[in-house]
Amino acid sequence: MRSPHTSLPSTEPRPPGELDTLRRIWASPRGLAFVTDINNNVVGIAYVAAGLLFFVLAGVLALVMRTQLAVPQNELIGPSLYNQLFTMHGTVMMFLFAVPVVEAMGILLLPNMLGARDLPFPRLSAYAFWAYFIGGLVFFGSIFVDLAPRGGWFMYPPLTTEQYSPGFNEDFWLLGIGFIEISAIAGAIEIIVGVLRTRAPGMTLDRIPVFAWAMLVFAVMIVFAFPAIIVATVLLELERAFGWPFFSADRGGDPLLWQHLFWFFGHPEVYIIFLPAAGMVSMIVPAMAQKPLVGHRLVVLALIGTGFLSFGLWVHHMFTTGIPRLSLAFFSAASMAVSIPSGIQVFSWIATFAAGRVQWKTPTLFIIGALAVFVIGGLTGVMVAVVPFDWQVHDTYFVVAHFHYVLIGGMVLPLLAALYYWMPYVSRRPLSERLGRWVFGLVFAGVNIAFFPMHITGLAGMPRRVYTYPGGLGWDLLNLVSTAGAYLVAAGVLLLLVDIARNFRFATEENAGNVWNSGTLEWLPNGNYSNRSIPVVKSRYPLWDDPTLAEDVEAGRYYLPGAPTGGRETIVTSPVEARPQWLLQMPFPGWAHFIAAVFTAAFFLLLTVKLVAPALVCGAIATAAVVAWLWSLDPGPSHPPVDVGGGLRLPVYMTGPSSQSWWAMIVLVLVSASTFASAAFSYLFLWTVSPEAWAEARSMPPAAYAVIAAAALLASSACVAYAARALHDNARTAACVMLALAVTLMIAGFSAELAGHLGVGVSAVRSAYGAAVWLVVSLFGFFAVIVILMASFTIARGIAGKLDRERRATFDNTALFWHYTVAQTLAGLLLVHGFPRLIA
Amino acid sequence: MSTRDTPFAAAALRISAGIMVWALHFAAIYGYTGLACARRFLDDGQAWVAAIPWVIGISSLIAAAALMPFIARLPRTHRADGGFIESSSAGLAALALVAVIFEGVTFLWLPPCE
């Protein structure tokens, strides 16, 4: 043991009761108040459990389908239920299992892995979880009342338009997953700001654990990919509910618009799922091989490169839609290019195993199995990236085999490895090694028995999404074997649940500990408060490079060994070099996030069944809960700078670009920009396919309306800028008056735009032109409402005395979003008013 | 070692510059090809179509040229992060170059708009 600890930040002996205070501050509520908890350990475990629940439920749906397909001409279930089953299986697996469960792993692991007490917006994580869990359960329940969607997880129109799919079923998909999109974006904001701003001192970009890098790339991808599906679902719902013809060819719409928007989300979605799982593998492999990851930097590059390139692949799901071959070739080439970073990761894992002394435990088995399965899926992926081959196998079981190999090898098996690997981190006991080997054997064998024959079934011509098939076509035995394989997988999953029931006992302080001799920070002794003290990181595997680190951290010899402000707090560090900058005071458990989540889910689900008035009431309650939640934030400089150890005194409040909320707003701006880009793309795409619909633009509003709207918007921005100056001079009343004036100008601007289009009678239902125009105008209105609410909230804080030159984080966020909204809306005005004049 | 923090925006832009060049190139060639093919039935549409190979070829050359400085720049290992930003930038630019070349040569074999 190192004798004197004088080189470490905090001196000994530590004050008596310091650890008890930390435990008390971070203690979880008991009983029913469990729902008010926001600690990442509790929310993370609940989140993972919910994800696994949906995995099991979607798996049961798959078993029913496989039972139906076991023999030809089976009468077990009819076509309508079968359609619901495959739609729900895909939707639940993708939206309720795959994305949430990797987000959940991030929420559970990242704080400890990064050396933070918690992620910067713990209430946001808790909100995301409850909205997803409650909404997800109700959504899943739709299958029991024959209301589940039937259009496939990709919901292609025109099949899913009101004309061909009347009733609420498809609406459940369109609105029902709205809350999941919100939940995913909320989680992404949390993860981006968490990884960039709450790392332990010294954890530079080069020392960030690969899983954290993967989660960062994952979250950034959500920011850019999810808005496309949000816009797509809004467009389809607008067409179904109000007849706006975005996808109806007879009025200038085009079903291909849906496919572009859907797959702009849908292909990155595959990597959104794969990259975190790859990040988990890159953490597990070094631990099981007892060797640092070979090619660490290359793996990080591969994660970033894959994230970017995956946005250039969407059309490879549309090779049979009649797009010119040259255009298809761009996507085919990008599909080839993306195999390079994927290959880098696979070779890195193999090389690390080859270089180390492998512990042949259950996580290792799952990783080896994942490698084999994923490589097969990757190879068939390169095959279907070849356009002529894809034309042959499109919509056959070959594609079903391909994507199951990719998703199971790329995500499910790594997740099972992660469950076995990280279980000792959250449980008193690890999972059983003996049962784990059985689970692996059953799942691995079952997956290959179920899905490998499907390659042949597909090549033999069996189409996807058929509820039964005639005998004697060479498909009978193959289908029977696939069904047997599916039951083997189910047996493996059942055994996993038995293992979890027998051995999982939730614990933080008394967990089983570092049973794998891993080298990263999450294996430090921890509690609800994460680590007793926050270490200084000097390498990628700090526990391997400093054998006394765990003892020093546990003895409180590093930073922040106590709670100097008397509340929950964590150190905010600079995003590149991870230098300590300030101390973030964090919230305590409360009801606001839970109420907001329940009523957000209720809002969307009631809207689905057209109960508009109750939905609006729920929306109002959710908004009120969010306002109550936000009201308690922005405490101002209520505490003088505090010593966090080693004489390092940190401020406890920050505004502007250094604050965590500013970073969250920047991410929200990116989400908004991506949303607007998708809407603008929709407008321009419809023009390219239906220029005749733009003939209607001859009767567009006079330019004066757009000029008045633009002038009002610019003036409103000037008012907000003036309010910022006034606040800087501590003229609070003047600031509030200017904000109120900005609100008035925003309303005036929107009114001018509205009056212009109403005046000339632009109809949203007559043609795609009108629908596209009203889409952009609606976006203007939506953002106007948001910034008006934000400004009103800020004014209310001013009136309540919670706003001044120091305490101004709320104002700064409002101003930032206001200016962005004005810029976006000006671009929208240019599109709607300028573009038709340009092409005329 | 410098005690000044590297601005995050500068670091992020530097790391992702190569891939952003790829994204711009991709958007340009796909966007132009899509637009030209969609509007080929207009009076002057055929001229747009005839220009497709030129647009792809020239934009690919420009993109490749833009990537070269990032690839050529060696990491500065004396930095606190051990040259992570520079080497990441160079690596991603190299990957972007491969993608640009893959996509840029397609016009040599395939006719536009068919």
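Me: Accessible area comes from the Shrake-Rupley method with a 1.4 Å probe, where for residues only the protein chains shown count as cover; how much of it does chain B expose?

Reply: In this predicted model, local features need pLDDT of at least 70 and side-chain atom pairs pLDDT 80 or more, while totals for chains, interfaces and linings use all residues. Side-chain values leave out hydrogens and water, residues are numbered from 1 along each chain, and chains are lettered from A in written order. Chain B exposes about 5,800 Å², and carbon and sulfur atoms supply 73% of that area.

Me: Which elements make up chain B?

Reply: Helices (DSSP runs of H or I, at least four residues) and strands (E, at least two) are numbered from the N terminus. Chain B has four helices and zero strands, so that its elements read α-α-α-α from the N terminus on.

Me: How many cavities are there, and what volume does the largest cavity have?

Reply: Rolling a probe the size of a water molecule over the atoms shows where empty space is left. A cavity is a set of points on a 1 Å grid over the protein atoms alone where a 1.4 Å probe fits but cannot get out, with lining residues having an atom within 4 Å of a point; points join across faces, edges and corners, and volume is the space filled by probe spheres set on them. Seven cavities reach 30 Å³ or more, and the largest cavity holds about 90 Å³.

Me: Which residues line the largest cavity?

Reply: Its lining includes A:F676, A:E753, A:F780, A:Q824 and A:V832. Helix 23 (768-799) and helix 24 (809-839) of chain A each give two or more residues to this lining, and helix 24 has the largest share, with five.

Definitions and conventions: Areas by Shrake-Rupley, 256 points an atom, 1.4 Å probe, with all protein chains shown as cover. 1 Å grid on protein atoms, 1.4 Å probe; cavity = no way out; pocket = protein on both sides within 12 Å on 5 of 7 lines; lining within 4 Å.
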